[in-house]
Structure formats: C-alpha cells, structure tokens
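Student: I'd like to learn how to read a fold from its coordinates. Could you walk me through one?
Tutor: Sure, put it on the screen and ask away.

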Amino acid sequence: MTARILDGKALAERMRGDIAAKIAALPYRPGLAVVIIGHDPASEVYVRNKERAAAAAGFAARTLPLPETTSEAALLGLIAELNADPATDGILVQLPLPAHIRAQRVIEAIDPAKDVDGFHPLNAGHLALGLPAIVPCTPRGVMRLLAEAGAPLAGARAAVLGRSAIVGRPVAALLTAADATVTLLHSRSRDIAAECRRAEIVIAAVGRAEMVRGDWIAEGAVVIDVGINRGADGKLRGDVAFAECAARAGAITKVPGGVGPMTIACLLENTLEAAQRRRGPG
Ligand code: NAP
C-alpha cells in the first residue's frame with residue numbers, strides 16, 4: 001500500500017482562509033498578545049510566524065518582547081495587565097522561559113478564558129475530564145488531520161508515543177473523548193514496536209528522529225508525525241521513518257508540512273473562539 005499524504009500545509013491554509021473570512025465579518029478585531037523573553041533563536045522564529053499568521057488573518061496581533069533578565073514578578077505583572085485588557089482575547093507566553101522564572105507559575109497566572117495555548121491547569125483538567133476546554137494547538141491540529149484522513153476513531157486502537165503535557169497527554173485525552181482505545185507510550189514502556197503494530201492510529205511525539213520504523217506500522221494505519229528534529233546536516237526530520245512507514249500506512253503526514261502548520265492555524269482558531277466567547281459571536 002502507498003499511503004495518502006495528509007497535507008497539513010494545504011489544510012492549514014484553508015483553515016486560515018476560513019478564519020480570516022470570519023474575522024472580516026466581526027464587528028471587532030480579536031486581539032492576540034504573544035510574550036517572548038530573551039533571544040532563543042527557535043522561539044523567535046516561532047513567535048514571528050505566529051504574529052505574521054495572526055496579522056494576515058485579521059487579528060490585532062502584537063508581540064511583547066522582554067529582556068532575558070526580566071523578573072518573574074515583572075512577567076506576572078504584564079500578564080495581569082493583559083488579563084484585564086478588554087482588547088486582548090488571547091495570551092501566549094512562548095516557552096521555554098529562562099531558568100529563573102517558574103513556567104508553571106506563569107501558565108497558572110493567565111486567565112483561563114484567554115489561555116489560547118490551552119496549558120492552564122483548568123483547561124488541561126477540563127480536557128482530561130472530557131469537558132469543554134481550550135485545547136492545546138498541536139493536539140487540536142492532530143485531531144484535524146485525523147478527521148482529514150477520514151479514519152473512524154470510535155473503537156479504533158490508537159498508540160500515542162510521548163506523554164508530555166503539551167502533546168502526548170492531550171492527544172490521548174482527545175482520542176479517548178472520541179471513543180478510541182488509547183495506549184499512551186513513553187520512555188519506560190516495554191515493546192513499543194509491538195504496541196504500535198496493533199494500532200490503527202499511530203501518533204508519534206517523542207522528539208527522536210525517525211524512531212518509528214516501517215515494520216512498526218500495521219497495513220493501512222494512519223500515522224501522524226508530530227516530531228521536529230533538526231539533524232547535524234540542518235535538515236528537519238520527524239519521529240517517523242517516512243519512506244518505510246508510508247509504504248505500509250493508509251495515510252501519513254510529512255515533516256515539514258504536516259502537523260507544524262496546523263499548530264499555528266489551531267492557535268488562530270483558539271484565539272478567534274476565545275474572542276467570540278468573550279465578546280459575542282458577531
Ligand atoms: P517532550 O516534552 O520531550 O516529551 C517527549 C516524550 O517522549 C516523553 O513522554 C518521553 O517519555 C517520550 N520519549 C522520549 N524518548 C522515548 C523513547 N525512546 N521511547 C519512548 N518514548 C520516549 O517532547 P514534546 O514537547 O512532547 O515534543 C515531542 C516532539 O514533538 C518534539 O520533536 C517536538 O519538537 C515536537 N513538537 C512539534 C510541534 C509542532 O507544532 N509540530 C509542537 C510541539 C512539539 P518520558 O515521559 O518517560 O520522559
């Protein structure tokens with residue numbers, strides 16, 4: 001079998017077009033504030049891409065750059081201002097933060113209604129309970145790609161590799177809410193290959209280049225590769241050995257061009273929805 005490629009770039013472009021059309025019809029401009037501390041090159045690229053995409057879709061988007069030496073108290077003060085600002089619908093603090101700032105403290109300071117990353121414990125807790133929540137952007141993108149694949153989720157066996165708070169755990173919660181039978185795998189799991197082979201859906205989010213091999217994949221399975229690994233040659237690789245797995249899968253994403261663009265599109269969706277909940281549907 002040769003897998004159908006799930007084109008995250010094209011799907012994300014369609015989503016961004018839909019979001020722009022919705023914003024154009026609103027009587028207000030939804031506001032997104034992105035806070036970045038210091039000069040981590042990867043974070044600077046991510047933040048620039050988010051601001052650009054948000055501005056292009058019609059959001060009032062602004063990046064608030066703070067020096068590396070910013071104190072935790074000063075950052076919490078800025079978050080309090082943004083929480084109180086009626087024009088700000090979504091607040092995103094780019095991670096990682098410098099070591100002297102407690103990231104969890106900062107995440108918990110964001111108004112859960114403006115927490116468009118979906119990292120606040122109230123949103124994470126609601127998601128874990130199967131209640132309405134702001135869903136983290138990458139997991140939301142993964143679910144959209146699965147919908148695009150047309151794979152039935154109810155009753156399907158799903159293997160999720162990685163249990164981080166930002167990807168693996170929320171993906172497992174979303175799949176469970178969609179009635180899949182989920183196996184959540186991590187660095188202490190035994191025989192990950194066999195667990196994957198039994199699965200009709202495989203989500204890889206471990207951060208290990210090309211760890212998932214072709215013979216781990218059942219014929220016709222849907223494979224979503226969240227991993228982004230930059231090799232010594234500067235090339236980006238996913239967590240999935242693409243050619244081997246595509247030879248067996250029914251549908252598969254690529255890196256780049258799969259989950260990555262979906263993450264930004266879902267951030268915009270989260271921000272639009274947060275604005276509509278606060279200010280009305282328009
Ligand atoms: P993370 O916080 O480092 O978590 C990695 C998870 O993988 C952990 O649960 C870890 O297990 C597990 N793991 C590590 N090595 C393993 C192994 N050999 N076998 C089985 N499990 C193993 O990473 P993350 O933030 O979830 O990100 C995962 C990947 O997705 C990274 O490549 C990241 O760059 C990428 N990512 C992409 C996007 C996007 O927009 N496309 C967004 C976010 C992340 P333990 O819990 O036991 O340590």
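Student: Let's take the six-stranded sheet. What is the order of its strands?
Tutor: To read a sheet, go across it strand by strand and note the pairing. In this predicted model, the order is β1-β11-β8-β7-β5-β6, the sheet is open, and the pairing is parallel.

Student: Which strands stand at the edges?
Tutor: Look for strands with a single partner. Here they are β1 (4-6) and β6 (181-185), so each has one side without a neighbour in the sheet. From one strand to the next, the twist averages 15 degrees.

Student: Can we zoom in on one pair? Over how many bridges do β8 and β11 pair?
Tutor: Two, in the parallel sense, with β8 covering residues 222-225. One bridge to look at is Val222, whose partner in β11 is Ala251.

Student: I've clicked on Thr253. Where does it belong, and is it buried or exposed?
Tutor: Start with the element, then the accessibility. Thr253 is part of strand β11 (residues 251-253). Its relative accessible area is 1%, and the cut-off for buried is under 20%, so Thr253 counts as buried.

Student: What does the side chain of Thr253 have as a polar partner?
Tutor: A polar atom of that side chain lies 2.9 Å from the backbone nitrogen of Asp225. Leaving out residues up to four places away in sequence, Thr253 touches Leu6, Leu145, Val223, Ile224, Asp225, Phe242 and Gly258.

Student: On to the three-stranded sheet. What is its strand order?
Tutor: Same way of reading. It is an open sheet in the order β3-β2-β4, with parallel pairing. β3 (60-66) and β4 (90-93) are at the edges with a single partner strand each, so each has one side left without a neighbour in the sheet. The twist here averages 15 degrees from one strand to the next.

Student: How many bridges link β2 and β3?
Tutor: Seven, in the parallel sense, with β2 running over residues 31-37. Among the pairs, Ala33 has Arg62 as its bridge partner in β3, and Ile36 stands opposite Pro65 in β3.

Student: Which helices pack on this sheet?
Tutor: For a helix on a sheet, ask which strands it touches and at what angle it runs. Helix α2 (residues 41-57) touches β2, β3 and β4, and its direction makes about 160 degrees with that of β3. α10 also packs on the sheet, touching β2 and β4, with about 125 degrees between its direction and that of β2.

Student: How many residues of β2 are buried?
Tutor: Seven of the seven, so β2 is largely enclosed by the rest of the structure. Check the two faces too: Gly31, Ala33, Val35 and Ile37 point one way, Leu32, Val34 and Ile36 point the other way, and all are buried.

Student: Now the bigger picture. Where are the domains, and how far apart are their centres?
Tutor: The domain assignment gives domain 1 (28-112) and domain 2 (136-261). Their C-alpha centres lie 29 Å apart.

Student: How many residues does the largest nonpolar core have?
Tutor: It has 55, and Phe59, Val142, Leu146, Leu175, Ile203, Val222 and Ile224 have the most contacts inside it. Helix α10 (residues 259-279) supplies the largest share, 10 residues. Each of domain 1 and domain 2 gives this core at least three residues. There is also a second, separate core of 20 residues, including Leu161, Ile192, Ile217 and Ala246.

Student: What is Phe59 in contact with?
Tutor: Setting aside neighbours within four places in sequence, Phe59 is in contact with Ile19, Ile23, Arg29, Pro30, Ala54, Leu268, Thr271 and Leu272.

Student: Last topic, loops. Is Ile101 buried or exposed?
Tutor: Don't judge a residue by its element alone. Ile101 is in the loop between β4 and α4, and at 5% relative accessibility it counts as buried. Its C-alpha is 5.2 Å from that of Glu72, 29 residues apart along the chain.

Student: And how does Ala113 count?
Tutor: As partly exposed, at 37% relative accessibility. Ala113 is in the loop between α4 (103-109) and α5 (121-128). Not counting residues up to four places away in sequence, Ala113 touches Asp89, Ile134 and Ala274.

Methods
Residues are numbered from 1 along each chain as its sequence is written. This is a predicted model: local features need pLDDT of at least 70, side-chain atom pairs count only at pLDDT 80 or more; totals for chains, interfaces and linings use all residues. Side-chain values use heavy atoms; hydrogens and water are left out. Domain bounds come from an automatic or database domain assignment. A nonpolar core is a set of buried Ala, Val, Leu, Ile, Met, Phe, Trp, Tyr and Cys residues joined through side-chain atoms within 4.5 Å. Buried means under 20% relative accessible area, exposed over 50%, partly exposed in between (1.4 Å probe, protein chains only). Helices (H or I, at least four residues) and strands (E, at least two) are DSSP runs, numbered from the N terminus. Contact means heavy atoms within 4.5 Å. Two strands pair if DSSP finds at least two bridges between them. Axes are lines fitted to C-alpha atoms, for helices over the stretch in contact, and angles run from 0 to 180 degrees between N-to-C directions. A polar contact is a pair of N or O atoms within 3.5 Å; within protein, one must be able to donate a hydrogen and the other to accept it, and residues adjacent in sequence count only if both atoms are side-chain atoms.
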